[in-house]
Amino acid sequence: MEVTMTHYLVLAALLFLTGMTGFIVRRNAIVMLMCVELMLAATNIVFAVFARAHADGGGHVFILMNFAIAAAEAAIGLAILVEIYRRRRTVNVDDLKALME
Amino acid sequence: MSFITDHILTWVTFLPLLGSLLLWTVVRRDDHARVFALAVALADFVLSLHLWFRYDGPGGQDMFTEKVAWLFGGKINYHLACDGISLVLVMLTTFLGPLVILSAWKAVTERVRDYMAMLLFLQAAMLGTFFARDMLLFYVFWEAMLIPMYFIIGIWGGQRRIYAAVKFFIFTMVGSVFMLVAILWMYFQAGGMGLEQFLALDLERQAQLWLFGAFILAFAIKVPVFPLHTWLPDAHVEAPTAGSVILAGVLLKMGTYGMLRFAMPLFPAGVEAFAPLMSILAVIGIIYGALVALVQPDIKKLVAYSSVSHLGFVVLGLFSLTPLGVAGGIFQMLAHGLSTGALFLLVGVIYERRHTREISEFGGLAHRMPGYATVFMITMLASVGLPGLAGFVGEFMILLGTFGSTTLDHPRLLTALAATGVVLGAIYMLWMYQRMFFGKLTNEKNRDLRDLSVREYAVLLPLVVFMFWLGVRPGMVLDRVEASVERVLAPLAVPASPHADDYPQHALGGGTADAPVFVVHEGEAHR
Amino acid sequence: METHANETLLRWIVLAPLLGAAVIGLLNRRLPRRVAGLLACATVGLSFALSVVVFLRMLGLDPEHRRLTDILASWVAYGNLRIDIGFAMDQLSAVMALVVTGVGFLIHVYSLGYMAHDDGFRRFFAYLNLFIFSMMTLVLGENLVMLFVGWEGVGLCSYLLISFWFDGEANAVAGKKAFVVNRIGDFGFLLGMFLIGVTLLPHLAPGEGAFSFAVMQHHAPLLAPVATAIGLLLFLGATGKSAQIPLYIWLPDAMAGPTPVSALIHAATMVTAGVYMIARMNFLYVLTPTAMAVVAAVGAATAIFAGTIALAQNDIKKVLAYSTVSQLGYMMLACGVGAFAMGIFHVMTHAFFKALLFLASGSVIHAMSHEQDMRVMGGLRRKLPVTWWTFLVGTLAIAGVFPLAGFFSKDEILWKTWSSGNTVLWVIGFLAAGLTAFYMMRLVSLTFFGTNRASEEVRHHIHESPATMTVPLVILAVLSIVGGWVGIPAFMGGGAHFEHWLEPVFAGGHAAGTHGAAHAVHDTTMEWILAGASVAWGVLGLLLGWIVYTRRLAVAEAGRRFAGGLPYRILENKYYVDEAYDGAFIRPGYRLSRTVLWKGIDAGLIDGLLVNGSALAVAVVASVLRLFQNGMVRFYAWSITVGLTVFVLYLSFSG
């Protein structure tokens, strides 16, 4: 069976849905961060697929930028979570509503 | 010296800003901050004297112009200039600056550095507003004034300071955003932000009406014109003394200055359409402000409402569209700056001692504080427009100008109504004075009050001197603004001499250059 | 083309008292009391001396050229509006200047004694000097605005001096009332000036000041169409300053000030400013019979109205105050019938005898330990001989007894009223003259005759005043006798010098105003009859007052009862005019301002409804919107997902 563009896109969609579902249903902030990474990975796949299909290097550039964003986001997100954990002794997002007001 | 005099307007405007930056960064101690701020303000005043003595703009033109490309390749410029109208208001600002700082010497004890820095920052923004000849630059300065004033009220204010500060901020912002939209619209029409480019636009009547509405809303809130005035009493009552003085002395004049400099010359059709409304609102403001001032139990609120009344005169003068009325309006701006500024300073003096502003808390103060009572009396008389003091000339010219206005519908009725403000002014001021100073000293708490200190005299006497000076020699101001007023009013094309054709020609030629000044033949009188 | 002589002395007449006021006011406690008092007297004395010098110089001039000017500087010069700081003296202002500085000087001297023990001695003299300065600015002002400057200045001084003893609530209130009521008059004055300015400004040649008296007179024809309006507006100003109906209410209250102040400001000089102003503007008033008629009618009405109130007052100064209001009515009446010269003549004679009466009453009050109620006086004739004799002279003079000063001026006014055909006004004036005589004699009887009704302690302290007080009394008494002789009318064989002196000023007035006076000059029989009648009428009034209040106190009581209590009470309470004004204007005004304007419109409508209302509207919308901001991160994510899905689906199916 030939692996077509559709396969890649389906994979990306499944990966994205997994991340999205995880982000919505899980309460642990660390897991939620990991889910965000999954969603970012899914978009990276889509970028790569279309970059190849259109023979356009721009998609690759965006993948590289996404890496940078993902790294930064993970670093800052984890740092914040660690700080929150130190103060609140929890990383359950349902308990973290201080910014509501 | 020439590197100062070549860029004198930049120096005058940005010296206080520089001072405030240094206060935040270099100066550490509170007492140093006071002296430093005073020195900066005094230096700024000295610099501005250069303008006062050198200004001789032929035909009332701008002088000391500085123009440097700023954004979009010269479409938007850093453009400062000074004409007679800017000049007198700038002098008022730089003159009040050091006095205000001196008045806060002891009254402010917390965060002195920040306070002084805010005052200087505010001064820079006000000066920039008066000098700006580029609409974007004007708008930047205009909005920049809000920030320090917001903090001055919000941090060093009284009990309800947050409410007052927010109210002040939002009221002013609401007006300003419409003006910003109008400025942007005109920018795309004119292809630049220069005032002269805006003036050169030939706009349709409908467009003028909308634009005038947007501009006048911003300025009317600032003045404030009835019924947009309710932020003023709150802001005044809550602001610290120095804030009130600047607010009444200069900030309110931004509104009338803006009308005169921008709203009126830019949109003649708008003026024509709105002048009746504005003059009626002005007259309502005069009477309404006076009546409400009458019943205030709080001195500061009384003075605040009296400002509404006095500024009503200014607006009336401007919209009489006569040179006399407009010049009277400008003069009244100065006179009001002096007298109301002094009144707020005087209220501050007694507030520092007794921490109350309720009139009923006082009575018989003239026994304990004769010097204070005297200065208060002179200031009060200047405020009610006694001839010989500053208030009279402005009111006289405004009312005379309005009386002879050819553009308003019922100029004489309006003048008569406005003139009742003169009567009411005497009532509320004298009544307050009587309750505060006359009678027996009954309240025990007032028994040990000190009279004015040397520092307080130093703050108040310059104001008193200028109240007299302007009252007796108004020419020093009028001569400087006359040509500029004509120039600003030129786009409005108001007929110069009303009724000139109502009378037979021989009456016109009656007087010759060497006609007798005082002696008249009986025969001539009955010709 | 006439020349106007320059006379730089004029400025020193005006400025000398200002210098005095400035020095005394600024140095205050650093100046010894004696020096302060003497300095104040000296500056006014200097003013008087200079006035005399200028007057003598004037005498040496041809009558048509008796106008001297002194322009100091330009005050306001804007466009074609020119107002100069300048002074001018013609025959009219010369008379006023001499009276003001002369009487002013005497009262300054008197005050040295009267105020000798007062804490505010220096302040008093500073104010008094300031007053003379203002009054001289008013009198000598070269233009109407300068006159207005002085006008406001004297109002200020009046305010300061009425509330001089500011300890007392009543004094402070009276001072404020005076200022405010005068301001109401000023409202009219200002509008009158504006009307003049607006009418004249377009027609002026370069350098002409619209408000200069000469220029206004020169352009009088231009003013003719609006003369009635101007005349009435200016007259409103005059009713304030000269205490005419309806604005007379401040003057009786003004008696709260020290007695020399009452004499100087509220009797002799300041209150006549309205009369002076109208006389000054005579060239305008002759153009408007309507305004003239109003002036005359108001003057006559005030004369009789105030006279009746004076009948029932018990405060010695209040009686004199209402008498002043009444006499001012006469002056207005004179102006109204076109006899400006007679109005000014009465200003002068009134200044003499009314200043005398007030100062003498001051002497009485001084002796009675500051008691002012006549009901506890009596029998002071022997204890205060100088005061008694001088007071009597004043009383006879005001009653119009021949040949004292009051006779000539009052009789002339009545004659001019009669001869101008205003019979009704003449009757009113004639009745008021009788009233004057009656209430003045009532005052004299209650004060100087009978037995003293004061407490033992007060009676013990009764003493004649010191020389600084009695000498001015004597001088004024002499003036009250001889002061009228400068104006002995022609029918008595006199030269009517006063009228002739002022003739050039009022030349227009006589030509265009009252025709009757010119025609009736030869009919001297009628003049004799009227003069005789008014003297007889005055003497009758005096006798009646004397009999009722000294001989038969019982008769007075009976009369009071006969009047039925009510009419008397109405008079005693001054027709309840103050109460009416209070109920009609002051209270409703206050309530309107407080309840409707402040609490209603300001706090309620604008702030409550519009400002805070719009804030509330935002808050309501926000309170719904904030339901979505619940802090649940997973809810946000869910919302994003749903929103995105809907958006994508819409895009897919819409195209």
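Modeller: Buried area is the accessible area, found with a 1.4 Å probe, that two parts lose on being put together, summed over both. This is a predicted model, in which local features need pLDDT of at least 70 and side-chain atom pairs count only at pLDDT 80 or more, while totals for chains, interfaces and linings use all residues. Residues are numbered from 1 along each chain as its sequence is written, chains are lettered from A and ligands numbered from 1 in the order in which they are written, and side-chain values use heavy atoms, with hydrogens and water left out.

Colleague: What area is buried between chain A and chain C?

Modeller: The contact (heavy atoms within 4.5 Å) takes 14 residues from chain A and ten residues from chain C. Carbon and sulfur atoms give 59% of the area that chain A and chain C bury between them, and that area is about 1000 Å².

Colleague: Which helix gives the most to the side of chain A that touches chain C?

Modeller: Across the interface of chain A and chain C the rule finds zero salt bridges (a side-chain nitrogen of Lys or Arg within 4 Å of a carboxyl oxygen of Asp or Glu). Two residue pairs, both at pLDDT 80 or more, are in polar contact between chain A and chain C; such a contact is a pair of N or O atoms within 3.5 Å, where within protein one must be able to donate a hydrogen and the other to accept it, and residues adjacent in sequence count only if both atoms are side-chain atoms. With four residues, covering part of the span 5-25, the helix (a DSSP run of H or I, at least four residues) that gives the most to this side of chain A is α1.

Colleague: How many residue pairs are in polar contact between chain B and chain C?

Modeller: Here the contact takes 87 residues from chain B and 79 residues from chain C, and the two chains bury about 7000 Å² between them, 71% of it on carbon and sulfur atoms. The rule finds zero salt bridges across the interface of chain B and chain C. The residue pairs in polar contact, both at pLDDT 80 or more, number 14.

Colleague: Which helix of chain B gives the largest share of the side that touches chain C?

Modeller: That share comes to 14 residues. The helix of chain B that gives these residues runs from 411 to 437 and is α18.

Colleague: Is Thr230(B) buried or exposed?

Modeller: Thr230(B) lies in the loop between α9 (205-222) and α10 (231-238) of chain B. Not counting residues up to four places away in sequence, Thr230(B) touches Lys167(B) and Phe171(B), together with Asp602(C), Ile606(C), Asp607(C) and Val611(C). Because its relative accessibility is 2%, and the cut-off is under 20% relative accessible area (1.4 Å probe, protein chains only), Thr230(B) counts as buried.

Methods. Helix = DSSP H or I, 4+ residues; strand = E, 2+ residues; numbered from the N terminus. Buried < 20%, exposed > 50% of the residue type's maximum accessible area, 1.4 Å probe, protein only.
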